[in-house]
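Me: Got a minute to go through this one with me? I'd like to start with the charged pairs and then wander a bit.

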Amino acid sequence: MISRIDLRGEALPEGPALRALLPRADFDVTAALEKVRPICEDVHHRGDAALIEYAQRFDQVTLEHVRVPAEALTEALAGLTEEVRAALEESIRRARTVHRAQRRTPHTTQVVPGGTVTEKWVPVDRVGLYAPGGRSVYPSSVIMNAVPAQEAGVPSVALASPPQAEFGGLPHPTILAACALLGIDEVYAAGGATAVAMFAYGTESCPPARMVTGPGNIWVAAAKRYFTGLIGIDTEAGPTEIAVLADDTADPAHVAADLISQAEHDPLAAAVLVTDSEALADAVEKELAVQVPATRHVEDRIAPALAGRQSALVLVDGLEDGLKVVDAYGAEHLEVQTADAAAVADRVRNAGAVFVGPWAPVSLGDYCAGSNHVLPTGGCACHSSGLSVQSFLRGIHVVDYSREALADVARHVVTLAEAEDLPAHGAAVKARFDWKVPQQ
């Protein structure tokens with residue numbers, strides 16, 4: 001059901017050599033890029049007409065308009081069960097609590113008397129959010145994208161999600177209901193690369209956005225790469241992944257359940273256990289054999305995900321080696337189920353999010369921990385962060401110097417300009433002092 005990788009007995013290699021030993025899915029964004037390029041350019045040139053044509057081709061729906069009417073949002077919210085509405089509202093409340101604390105305030109530093117640098121934080125003007133709609137419906141992703149954008153103060157927030165034939169060409173009603181709860185009334189029935197192109201270029205019905213965020217399939221990732229430079233993006237999200245760092249104190253039933261919970265997303269989803277306990281690995285394997293048949297989505301998602309090259313039980317010589325392995329792997333989600341889990345978690349350097357101990361499963365973070373679940377995948381946690389308020393803010397330095405403060409440093413500016421053979425740079429300072437560097 002799941003393979004093993006035994007790294008015991010020898011010193012672990014460093015860097016790329018260690019990463020090469022670890023399981024990872026094949027996810028060729030470069031190859032997909034060439035396929036999305038003509039689609040994106042078609043949306044550029046034909047706008048809404050192209051979106052409507054691609055909805056027919058890819059989603060088997062006939063649209064009259066791409067924008068979702070306001071009454072559809074109202075009806076979707078009214079159609080929610082009390083339980084689902086309460087769960088969404090609690091998820092929103094907790095996410096707002098965490099993300100509101102991430103807000104940035106301007107800070108002024110006095111460099112010298114009369115010379116200050118202020119860093120102010122300005123939100124992007126407009127953001128396009130994407131909520132996938134393939135194998136599953138993800139209202140939680142609406143929350144995780146919208147809340148930090150709203151708390152950052154982004155003045156214009158729109159959302160796209162694929163049209164669904166089952167719902168008359170509208171996005172899934174739970175997606176629409178989540179938008180209504182969040183106060184997002186600009187929603188479009190567009191999916192995949194076409195949605196990213198719509199936000200990047202703009203169409204008759206949708207003004208262009210400065211930034212696009214949200215998870216999606218390989219076509220969404222490829223479109224994000226295509227438009228990098230024209231728009232800001234969060235990350236090229238690949239298949240979801242969980243790594244569990246565990247010792248012999250971990251409950252194998254918990255570990256198995258957590259591996260399965262991420263495997264049910266996609267046949268390319270990664271489920272990785274890193275442990276120094278062969279007994280735990282054996283017990284987890286037995287638990288998988290019991291738990292997998294008892295759930296849904298086995299044949300099309302869970303079984304191929306666990307059996308794929310991206311998933312494995314990784315055996316190491318001890319906790320120190322385990323930490324090296326998970327840092328080299330850079331998991332989207334990392335659970336630490338060891339003795340003194342908090343202290344171990346504090347030593348982790350590379351992970352999208354870390355879940356500490358037996359009572360903080362990844363599923364909690366997916367919905368109601370308050371943390372964000374839009375996280376770097378594919379090892380990108382080694383250099384990138386998850387979505388946050390900071391993602392939607394730009395830091396701008398405001399430089400304010402008096403005549404006296406400039407005079408005090410003018411000689412150094414001119415000297416450095418001449419050292420770099422940029423005399424006009426120095427001349428711009430000299431011009432303010434009758435072409436003479438003032439003597440101090």
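Reply: Sure, what follows is a short chat about salt bridges, a sheet, one histidine and a surface patch.

Me: Before that, what should I know about the model and the numbering?

Reply: It's a predicted model, so local features need pLDDT of at least 70 and side-chain atom pairs count only at pLDDT 80 or more, while totals for chains, interfaces and linings use all residues. Residues are numbered from 1 along each chain as its sequence is written, and side-chain values use heavy atoms, with hydrogens and water left out.

Me: OK, how many salt bridges are there in the whole structure?

Reply: The search finds 23. A salt bridge here is a side-chain nitrogen of Lys or Arg within 4 Å of a carboxyl oxygen of Asp or Glu.

Me: What does R8 pair with?

Reply: R8 pairs with E278, and their closest N and O atoms are 3.2 Å apart. R8 sits in the loop between β1 (4–6) and α1 (15–19) and E278 is in helix α11 (residues 278–291), so this salt bridge ties together parts that are 270 residues apart in sequence. Helices (H or I, at least four residues) and strands (E, at least two) are DSSP runs, numbered from the N terminus.

Me: Is R8 buried or exposed? And E278?

Reply: In between: R8 is partly exposed at 30% relative accessible area, and E278 is partly exposed at 38%. The scale is buried under 20%, exposed over 50%, partly exposed in between, using a 1.4 Å probe and protein chains only.

Me: What about R347, which residue does that one meet?

Reply: R347 meets E320 in a salt bridge, 2.8 Å from N to O. R347 is in the loop between α14 (341–346) and β13 (351–356), E320 is in helix α13 (residues 319–329), and the two are 27 residues apart. R347 has a relative accessible area of 42%, so it counts as partly exposed, and E320 is partly exposed too, with 44%.

Me: Which residues are joined into one network by shared partners?

Reply: D42, R46, E53 and R57. Within that group, R46 and E53 form a salt bridge with closest N and O atoms 3.0 Å apart.

Me: Changing topic: what is the strand order in the five-stranded open sheet?

Reply: The order is β6-β5-β4-β7-β8, with parallel pairing. β6 (187–189) and β8 (232–233) stand at the edges with a single partner strand each, so one side of each has no neighbour in the sheet. Two strands pair if DSSP finds at least two bridges between them.

Me: How many bridges link β4 and β7?

Reply: Three, between β4 (residues 126–130) and β7 (residues 211–213). V127 has M211 in β7 as its bridge partner.

Me: And H373, where is that?

Reply: H373 is in the loop between α15 (362–367) and β14 (393–401). H373 is buried, at 12% relative accessibility. Leaving out residues up to four places away in sequence, H373 touches S140, S141, M144, E332, G365 and D366, where contact means heavy atoms within 4.5 Å.

Me: Last one, which residues make the nonpolar surface patch?

Reply: V111, V399 and Y401 make a patch of about 270 Å². Patch residues have over 30% relative accessible area and no salt bridge; like charges are joined within 9 Å, and nonpolar side chains (Val, Leu, Ile, Met, Phe, Trp, Tyr) within 5 Å. Areas come from the Shrake-Rupley method with a 1.4 Å probe, and for residues only the protein chains shown count as cover. Y401 lies in strand β14 and is partly exposed at 34%.
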